[in-house]
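Reader: I am new to this structure. Please take me closely through one part of it, the packing, beginning with the place where its domains meet.

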Amino acid sequence: MQDLNPLAIELNEHLQDSAPVVSALLSKLGKRIYLPKGILSQTAEANAKAHRFNATRAIALKDNDMMHLAVSREFVSGLPLESIYGYAPVLGQPELREAWKTHLLKENPSLAETALSLPIVTSGMTHGFSLLAELFVDSEDTLVLPDKIWGNYRLIFQTKAGANLQTYPFFNTAKGFNTHGFRETLLNTTDEKLLILLNFPHNPTGYAITHTEAQHIVDAIVARADAGCRILVMIDDAYAGLWYDASVMQESLFGLLVGCHPNVVPIKIDGATKEEYAWGLRVAFMSFGLGEAAMQPLEQKLSGLIRANTSGASQVSQTLILEAMKAPGHAEQKRHNYEMLKARALKAKEITSDARYTKLWEVYPSHAGYFMCLNLKSGDAEVVRQQLLEEHGIGTIALGETELRVAYSCLEESDVETVFEVIARVIEGL
Ligand SMILES: Cc1ncc(COP(=O)(O)O)c(C=O)c1O
């Protein structure tokens with residue numbers, strides 16, 4: 001075991017004083033990591049004081065601005081050079097972080113400003129989860145997840161970080177979220193440290209929880225925390241805002257978890273990825289339900305981790321998201337896309353639950369997001385997928401032996417019926 005750097009020791013002490021539960025949740029790497037003072041602090045000093053020549057940054061300047069190639073600049077000609085080519089701050093552009101915080105407070109009435117950190121920018125949500133795995137997960141730590149998940153969690157937390165995954169069936173017999181199974185799984189663990197990951201609107205089913213289910217989830221977490229367990233709860237809000245059914249909760253579960261128990265540390269991971277229709281820009285956010293004193297050392301540790309992997313998210317991507325959020329047509333254009341997705345979702349629900357298909361599949365309840373998931377009553381999902389692809393040119397995702405996920409978000413409303421008709425024909429022909 002290598003010696004801890006004095007800066008890491010200082011951060012650990014600071015965290016132990018301000019947030020002992022967060023400190024206890026840190027992984028071995030989380031304890032070791034720190035942000036070296038070196039180049040960053042010397043550059044910051046020079047930025048403040050070098051009024052003649054500043055030869056610190058690892059960039060190239062011309063006429064006091066960013067040296068660049070005109071052939072790329074012409075595609076983003078309306079933006080200042082620094083906002084395209086300059087390095088972004090390690091934790092993200094301050095104005096974008098503030099803008100995202102304002103957005104979160106507006107969309108989540110349960111959230112109080114005091115207990116919401118400034119969001120940290122990551123290179124997509126996947127990067128956010130990877131950072132959390134590095135900061136908090138050691139090999140053999142327990143991560144509680146439902147059996148239906150976005151597959152990348154396995155790669156990040158199990159394959160890479162070595163966590164021990166404990167799963168429970170996502171649905172109960174009434175096809176609601178299995179709050180009982182969730183609670184039982186939590187109460188059956190004996191660990192002093194627990195990681196939980198929850199995702200609503202859900203991939204792959206499109207399920208969203210009701211207010212009552214949300215409260216049951218919080219109660220279960222609080223019950224385990226009451227027994228002395230320290231719990232990190234990661235809330236994957238990739239599809240936040242895309243709720244199409246008035247009966248489900250229209251805000252993040254995160255808001256109910258913040259401040260629910262001193263042993264519970266909630267983290268919200270969300271992104272421009274789906275919310276801003278900017279999948280490939282790789283801009284996402286990680287927000288903690290923690291106050292300033294805890295965030296200070298934690299931000300230093302996260303800066304160290306980010307510095308050591310991506311070194312920071314893309315500057316031009318962050319600029320595009322921020323400028324879009326400030327633009328006059330932003331809210332209206334988002335509303336327009338939402339209405340389009342909602343129309344497709346309602347169409348998909350109407351078609352898939354038609355009585356003529358009940359012998360072929362069960363439709364998992366879907367209220368939000370991008371997906372509809374069919375549980376086939378006969379036939380193998382992979383065989384169906386392959387036939388759809390090879391014989392009809394239709395792409396779907398087979399999950400396990402019986403489940404077929406259809407991203408209606410990728411279908412025009414007028415094509416939804418055809419796609420499910422063909423799926424039905426393929427199953428019937430098997
Ligand atoms: C539930 C969920 N979380 C996270 C992501 C990934 O987000 P990103 O592309 O920002 O890494 C996805 C993408 O499909 C997803 O479905």
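## Where the domains meet, and what packs around them

Author: Start at the contact between the two domains: 16 residues of domain 1 touch 18 residues of domain 2. On the domain 1 side, the touching residues are ten nonpolar, four polar and two charged. This is a predicted model. The domain assignment gives domain 1 as 9-35 + 90-326 and domain 2 as 331-429. Domain 1 is thus written in two stretches of the chain, and domain 2 in one. The C-alpha centres of the two domains lie 29 Å apart.

Now take the helix pairs. Two packed helices are described by an angle and a distance, both taken between their axes.

Begin with helix 16 (residues 330-352) and helix 18 (residues 413-429). Their axes come within 9 Å and cross at roughly 25°. An angle under 35 degrees counts as roughly parallel, so helix 16 and helix 18 are roughly parallel to each other. Their crossing is right-handed. Helix 16 brings Ala343, Arg344, Lys347, Ala348, Ile351 and Thr352 to the contact. Helix 18 answers with Glu413, Val416, Glu417 and Phe420. By class, that contact has five nonpolar residues, four charged and one polar.

Next, look at a sheet of four strands. It is open, its order is 10-11-13-12, and its pairing is antiparallel. Strand 10 (361-363) and strand 12 (397-399) are the edge strands, and each pairs on one side only. From one strand to the next, the twist averages 30°. Strand 10 and strand 11 (residues 371-376) run antiparallel and are joined by three bridges. Across this pair, Glu362 faces Asn375 in strand 11.

Go on to helix 1 (residues 6-18) and helix 14 (residues 292-308). Their axes come within 8 Å and cross at roughly 150°. Angles over 145 degrees count as roughly antiparallel, and helix 1 and helix 14 are therefore roughly antiparallel to each other. The crossing of helix 1 with helix 14 is left-handed. From helix 1 come Leu11, His14, Leu15 and Ser18. They meet Ala293, Ala294, Gln296, Pro297, Leu298, Gln300 and Lys301 in helix 14. The residues of this contact divide into six nonpolar, four polar and one charged.

One more pair is helix 7 (residues 94-107) with helix 15 (residues 315-326). The axes come within 10 Å and cross at roughly 45°. That makes helix 7 oblique to helix 15. This crossing, too, is described by its hand: helix 7 and helix 15 cross in the left-handed sense. Glu95, Leu96 and Ala99 of helix 7 meet Gln318, Ile321, Leu322 and Met325 of helix 15. Five of the residues in this contact are nonpolar, one is polar and one is charged.

Then there is a sheet of seven strands. It is open, with the order 3-9-8-7-6-4-5 and mixed pairing. Strand 3 (120-122) and strand 5 (164-168) stand at its edges. Each has a single partner strand, so one side of each is left without a neighbour in the sheet. Direction ignored, neighbouring strands are turned by 25° against each other on average. Within this sheet, strand 8 (residues 264-271) pairs with strand 9 (residues 284-288) in the antiparallel sense, over five bridges. Lys268 stands opposite Ser287 in strand 9. Helix 10 (residues 179-188) packs on the sheet, where it touches strand 4 (142-146) and strand 5. The direction of helix 10 makes about 145° with that of strand 5.

Finish with the loops. The loop between strand 6 (193-199) and helix 11 (211-226) holds Pro201. The peptide bond from Phe200 to Pro201 is cis, with omega near -15°. Pro204 is found in the loop between strand 6 and helix 11 as well. A cis peptide bond joins Asn203 to Pro204, with omega about 20°. Elsewhere, Asp63 sits in the loop between strand 1 (61-62) and strand 2 (65-66). Asp63 is not a glycine, yet its phi is positive, at about 50°.

Methods
Residues are numbered from 1 along each chain as its sequence is written. This is a predicted model: local features need pLDDT of at least 70, side-chain atom pairs count only at pLDDT 80 or more; totals for chains, interfaces and linings use all residues. Axes are lines fitted to C-alpha atoms, for helices over the stretch in contact, and angles run from 0 to 180 degrees between N-to-C directions. Helices (H or I, at least four residues) and strands (E, at least two) are DSSP runs, numbered from the N terminus. Angles under 35 degrees count as roughly parallel, over 145 as roughly antiparallel, 65 to 115 as roughly perpendicular and the rest as oblique. A crossing is left-handed if the near helix is turned anticlockwise from the far one by less than a right angle, and right-handed if clockwise. Two residues are in contact if their C-beta atoms, placed from the backbone, lie within 7 Å. Ala, Val, Leu, Ile, Met, Phe, Trp, Tyr, Cys and Pro count as nonpolar, Asp, Glu, Lys and Arg as charged, and the others, Gly among them, as polar. Domain bounds come from an automatic or database domain assignment. Two strands pair if DSSP finds at least two bridges between them.
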